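Biologist: Could you take me through this one slowly? I'd like to hear the reasoning behind each label, not just the label.

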Amino acid sequence: MVIKVVPLGAGQDVGRSCVLVTVGNKNIMFDCGMHMGYQDDRRFPDFDYISKTGEFTQAIDAVVITHFHLDHCGALPYFTEMKGYDGPVYMTYPTKAMCAILLEDYRKIQTERNKDTNFFTSQHIKNAMKKVVAVNLEQLVSVDGELQLRAFYAGHVLGAAMFEVRVGNESVVYTGDYNMTPDRHLGAARLSDDCRPDLLITETTYAATIRDSKRTREREFVGRVEKCVRGGGKVLIPVFALGRAQELCVLLDAAWERLGLQHVPIYFSAGLAETATQYYQLFRLWTNQNVQLQAAQHHDVFNFRYIKPFERSLADAPGPMVLFATPGMLHAGHSLEVFKKWAPSPLNLCILPGYCVVGTVGNKLLA
């Protein structure tokens with residue numbers, strides 16, 4: 001049986017992840033992401049490769065979304081509601097819950113702030129999510145009489161999954177983003193012993209990068225934040241509201257009292273962050289064993305002691321502070337607004353903890 005792989009996005013860069021895989025006579029689309037560095041049609045995967053006439057439902061047997069980051073799910077409403085795909089979409093329960101929230105937040109930024117008129121609507125997002133079939137980890141799902149799929153724990157962010165698809169005796173595993181080492185709130189990626197794919201498609205964002213140990217990076221992060229605020233400066237940390245944000249909040253909240261910095265406020269952009277934390281509490285079984293054990297002992301690591309909601313007027317307040325602001329690539333929104341205010345002062349610091357795609361302000365800073 002022939003296996004064919006065609007990247008429709010993210011083949012040679014980060015953004016608009018979308019890989020079309022053909023196993024026998026079955027076509028599976030893995031991820032349906034958006035590129036944050038573009039504001040025109042280049043932000044979407046090359047859907048015209050699938051069909052020039054818009055017959056996507058006939059051409060695609062299933063769409064599989066690995067996790068809720070926009071470079072993996074951001075084009076889903078566009079593909080289903082504006083391009084016309086009407087087939088099944090598979091993702092985990094946490095991904096389904098949080099995907100809609102991030103899509104709506106991004107829609108507001110694009111249409112209300114950036115005045116984008118060629119963008120999906122709130123109703124498009126709702127209709128797209130109605131097509132979603134939520135799955136549990138290692139649940140064997142029969143898409144039809146020939147195509148089956150299973151989700152495996154990927155770490156990375158809450159609900160992220162690697163997916164195995166099987167047609168007859170042939171199988172493919174597509175990882176999406178994954179993390180092989182546990183962090184402060186999630187476990188490490190894992191496959192079951194009986195998963196032996198004929199083809200593995202894996203993300204390679206940091207494949208050619210030798211990175212310091214996690215402990216070293218955490219120590220450096222906390223040290224730089226501490227040095228800045230002790231010097232009277234303000235620290236801006238652009239993040240996406242779900243994922244890396246919770247990890248860094250857990251880290252700083254735990255360190256603040258030990259460092260004697262309780263008098264220095266830590267803020268998080270209000271709104272989306274509170275919703276995100278609620279979902280992390282709701283889907284606690286997707287976190288690591290340490291977080292679950294502490295919760296059983298009535299200590300919730302997501303009930304932060306020193307992190308408070310941020311009001312826009314506080315950006316002009318005197319004195320040191322730390323602000324987690326969205327989005328993470330400084331391409332729009334609150335983080336970019338605050339960056340423009342704080343950047344002129346040599347006392348202040350901006351830490352970019354995540355990957356920033358080409359075309360964003362964050363990428364230009366890192367370059």
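Modeller: Sure, we'll take salt bridges, then burial, then a pair of helices. Keep in mind that this is a predicted model.

Biologist: What makes K26 and D61 a salt bridge?

Modeller: The closest N and O atoms of K26 and D61 are 3.9 Å apart. The cut-off is within 4 Å, for a Lys or Arg nitrogen and an Asp or Glu carboxyl oxygen, so the pair counts as a salt bridge.

Biologist: Why do you say that this pair ties together parts of the chain?

Modeller: K26 sits in strand β3, while D61 is in the loop between α1 and β4, so the bridge joins parts that are 35 residues apart in sequence. K26 and D61 also belong to a network of salt bridges with D144 and E146.

Biologist: Why is K26 called buried, and what is D61 called?

Modeller: Buried means under 20% relative accessible area. K26 has 9%, so K26 is buried. D61 has 21%, and partly exposed runs from there up to 50%, so D61 counts as partly exposed.

Biologist: How do you know that D48 and K83 form a salt bridge?

Modeller: Same test: their closest N and O atoms are 3.8 Å apart, and the limit is 4 Å. This pair links distant parts of the chain too, with D48 in the loop between β3 and α1 and K83 in the loop between α3 and β5. D48 has a relative accessible area of 37% and K83 has 26%, so both are partly exposed.

Biologist: Where do R107 and E104 lie?

Modeller: Both are in helix α4, three residues apart, about one turn of the helix. Their closest N and O atoms are 2.8 Å apart, and R107 is buried at 12%.

Biologist: How many salt bridges turn up in the whole structure?

Modeller: The search finds 21.

Biologist: On to the helices: why are α6 and α7 called oblique?

Modeller: Their axes cross at roughly 60°. Roughly parallel needs an angle under 35 degrees, and roughly perpendicular starts at 65, so α6 and α7 are oblique to each other. The axes come within 11 Å, and the crossing is right-handed.

Biologist: Which residues make the contact?

Modeller: Among them are F221, V222 and V225 of α6, and L248, L251 and W256 of α7. By class, the contact has nine nonpolar, no polar and three charged residues.

Technical notes. Residues numbered from 1 in each chain as written. Predicted model: local features only at pLDDT ≥ 70, side-chain atom pairs only at ≥ 80, totals over all residues. Heavy atoms only, no water. Salt bridge = Lys/Arg side-chain N within 4 Å of Asp/Glu carboxyl O. Helix = DSSP H or I, 4+ residues; strand = E, 2+ residues; numbered from the N terminus. Buried < 20%, exposed > 50% of the residue type's maximum accessible area, 1.4 Å probe, protein only. Axes fitted to C-alpha atoms, helices over the stretch in contact; angles between N-to-C directions. Parallel < 35°, antiparallel > 145°, perpendicular 65-115°, else oblique. Left-handed = near helix turned anticlockwise from the far one by under 90°. Contact = heavy atoms within 4.5 Å. Nonpolar A, V, L, I, M, F, W, Y, C, P; charged D, E, K, R; others polar.
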